[in-house]
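Trainee: I would like to learn how to read a model of two chains, feature by feature. Where should we start?

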Protein chains: 2
Amino acid sequence: MKLIEDKIREVGRVLPGDILKVDAFLNHQVDANLMSEIGKEFARLFKDEGITRIVTVESSGIAPAVMAGLYMNVPVVFARKHKSLTLTDNVYTSDVYSYTKQTSNKISIDKRFIKPNDKLLVIDDFLANGQAVQGLMNIAEQANVEIKGVGIVIEKSYQKGHDMIKKSGIHLESLARIASLSDGKVSFVEE
Amino acid sequence: MKLIEDKIREVGRVLPGDILKVDAFLNHQVDANLMSEIGKEFARLFKDEGITRIVTVESSGIAPAVMAGLYMNVPVVFARKHKSLTLTDNVYTSDVYSYTKQTSNKISIDKRFIKPNDKLLVIDDFLANGQAVQGLMNIAEQANVEIKGVGIVIEKSYQKGHDMIKKSGIHLESLARIASLSDGKVSFVEE
């Protein structure tokens, strides 16, 4: 999606440690108009999947997920992150390891907010190693519902999340695909 | 706002400890269409305040704030919550105590995302004791900018946040105002 690539070129910052900072429009300051365009694009890309519900993980996934929910006219559920969690019968839960922060979180979704026969669309701001998506796949399995699509705003295509999702056969759409952050420079996958 | 009062009557749950659970549409599952209506309503209510930027606190403030940002055509910044924070010169920070969770968090906003002469609108999902708003007021003071409005989705009008904001002279708009949660029943302020 050219809008996002342009925005990354304009305000993205490459930091040591293979980090792309996009806090100017995505995960600290949010460009609401761009989020709206992102929501429309996800609605277009997944229109044939029969999606009944969008799931994401707080916090940075919420803005693009809610915009997608608006244009797809389906409810959005954001999984809660917890350092620890008292297990109850009322939630689905999974472990998510963050390579960036080198910490493990539990994520949870209240069982009331996934229904039998739901067809889920996972939305997230970033895809790198795919830990968050895997956590949501795990929750979908517990709930015995299908994930019909994964929509990502920015993907680091050289990390393992992309292949992991492709191998699982799920329809993956990443709006900006990064081939490399070498030498402080963003290169996109040529398609 | 009748839409929200109706939704609270329909799916809100009053729990022991003066808790109103609205996780069915606001802070776990999100009704994107309702968030869009909320965004439009905030845009209408604050249209004369010359707002240049919206600020909120992750996570539950993000959905209504981003929708307001869309219809007001201004950037949205969500303050990050931290258990602890290494102080740097790059962020404004403040302490926020949560009566519900009985824990204290630090919130922070990168200094790049508040500009001189900004006129801020604070958006949040809930107003009770006003701790989150006070944290953002504190950050606005550090940044030497003015808060021109506070927009709240659901206010517990019998707690001290309402009066605190009114006394400060800031334009406050709460879309649903709760007078009482006694006997497991939601009563709204009659206006």
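**Reading the two chains**

Mentor: Start in a loop: A:S59 sits between β4 (53-57) and α3 (62-72) of chain A. Keep in mind throughout that this is a predicted model.

Trainee: What is the peptide bond from A:E58 to A:S59, cis or trans?

Mentor: The angle to read is omega. For the bond from A:E58 to A:S59 omega is near -5°, and the bond is cis. Chain B has a cis peptide bond as well, joining B:E58 and B:S59 with omega of about -5°. There, B:S59 belongs to the loop between β4 (53-57) and α3 of chain B.

Trainee: How are the two chains related in space?

Mentor: The general idea is that two copies of a chain are related by a rotation about an axis and a shift along it. Here, a turn of 180° and a shift of 0.0 Å along the axis lay chain B on chain A with an RMSD of 0.0 Å. That is the relation of a two-fold axis.

Trainee: Which residue of chain B comes closest to the rotation axis?

Mentor: B:S59, whose C-alpha is at 2.7 Å from the axis. This is the residue that follows B:E58 across the cis bond.

Trainee: How many residues of each chain are in contact across the interface?

Mentor: 24 residues of chain B are in contact with 24 residues of chain A. On the side of chain B that touches chain A, β3 (29-30), α2, α3 (62-72) and β5 (76-82) of chain B each supply at least two residues. The most comes from α3(B), with five residues. By residue class, that side of chain B divides into 12 nonpolar, seven polar and five charged.

Trainee: Why can one say that the copies meet through the same surface?

Mentor: One compares the interface residues of the two chains. Of the interface residues of chain B, 100% are also interface residues in chain A, so the copies meet through the same surface.

Trainee: Which strand of chain A is joined by bridges to β3(B)?

Mentor: Strand β5 (residues 76-82) of chain A, through two bridges; the strands run antiparallel. In one of the pairs, A:V77 has B:Q29 as its bridge partner in β3(B).

Trainee: How do I check the length of helix α2 of chain B?

Mentor: Compare the expected span with the distance between the end C-alpha atoms. Helix α2 of chain B has 14 residues (residues 32-45), which at 1.5 Å a residue should span 20 Å; the end C-alpha atoms are 20 Å apart, so the two agree.

Trainee: Which residues of α2(B) are buried?

Mentor: They are B:A32, B:L34, B:M35, B:S36, B:I38, B:G39, B:E41, B:F42 and B:A43.

Trainee: How does the same kind of count read for B:G61, buried or exposed?

Mentor: The cut-off for buried is 20 or more other C-beta atoms within 10 Å. B:G61 has 27 of them, so B:G61 is buried. B:G61 lies in the loop between β4 and α3 of chain B. Beyond four places in sequence, B:G61 touches B:T56, B:F78, B:I123, B:D124 and B:D125. Sequence distance and spatial distance should be read separately: B:G61 and B:V153 are 92 residues apart in sequence, with their C-alpha atoms 9.1 Å apart in space.

Trainee: What should I look for in phi?

Mentor: Look for positive values in residues other than glycine. B:D18 has a phi of about 60°, and B:D183 has a phi near 55°. B:D18 is in the loop between β1 (13-15) and β2 (19-21) of chain B, whereas B:D183 is in the loop between β10 (171-180) and β11 (187-188) of chain B.

Trainee: How do their surroundings read, buried or exposed?

Mentor: B:D18 has 15 other C-beta atoms within 10 Å, so B:D18 is partly exposed. B:D183 has 7 C-beta neighbours inside 10 Å, so B:D183 counts as exposed.

Trainee: Which residues does the UniProt annotation "binding site" cover?

Mentor: An annotation comes from a record and can then be placed on the model. The UniProt entry, which is unreviewed, gives "binding site" for A:L20, A:N27 and A:K156. A:L20 lies in strand β2 (residues 19-21) of chain A and is partly exposed, with 17 other C-beta atoms within 10 Å. A:K156 lies in strand β9 (residues 146-156) of chain A and counts as buried, with 22 C-beta neighbours inside 10 Å.

Trainee: What do A:L20 and A:K156 touch beyond four places in sequence?

Mentor: A:L20 touches A:G12, A:V14, A:I178, A:L181 and A:V186. A:K156 is in contact with A:L127, A:A128 and A:I178. A:I178 appears in both lists.

How values were computed
Residues are numbered from 1 along each chain as its sequence is written. Chains are lettered from A and ligands numbered from 1 in the order in which they are written. This is a predicted model: local features need pLDDT of at least 70, side-chain atom pairs count only at pLDDT 80 or more; totals for chains, interfaces and linings use all residues. Helices (H or I, at least four residues) and strands (E, at least two) are DSSP runs, numbered from the N terminus. The expected span of a helix is 1.5 Å times one less than its number of residues. A residue is buried if 20 or more other C-beta atoms lie within 10 Å of its own, exposed if 12 or fewer, and partly exposed in between; C-beta atoms are placed from the backbone. Copies are superposed by least squares on the C-alpha atoms of residues with pLDDT of at least 70 in both. Two residues are in contact if their C-beta atoms, placed from the backbone, lie within 7 Å. UniProt positions are given in the numbering used here, feature names are shortened, and annotations may be inferred rather than shown by experiment. Ala, Val, Leu, Ile, Met, Phe, Trp, Tyr, Cys and Pro count as nonpolar, Asp, Glu, Lys and Arg as charged, and the others, Gly among them, as polar. Two strands pair if DSSP finds at least two bridges between them.
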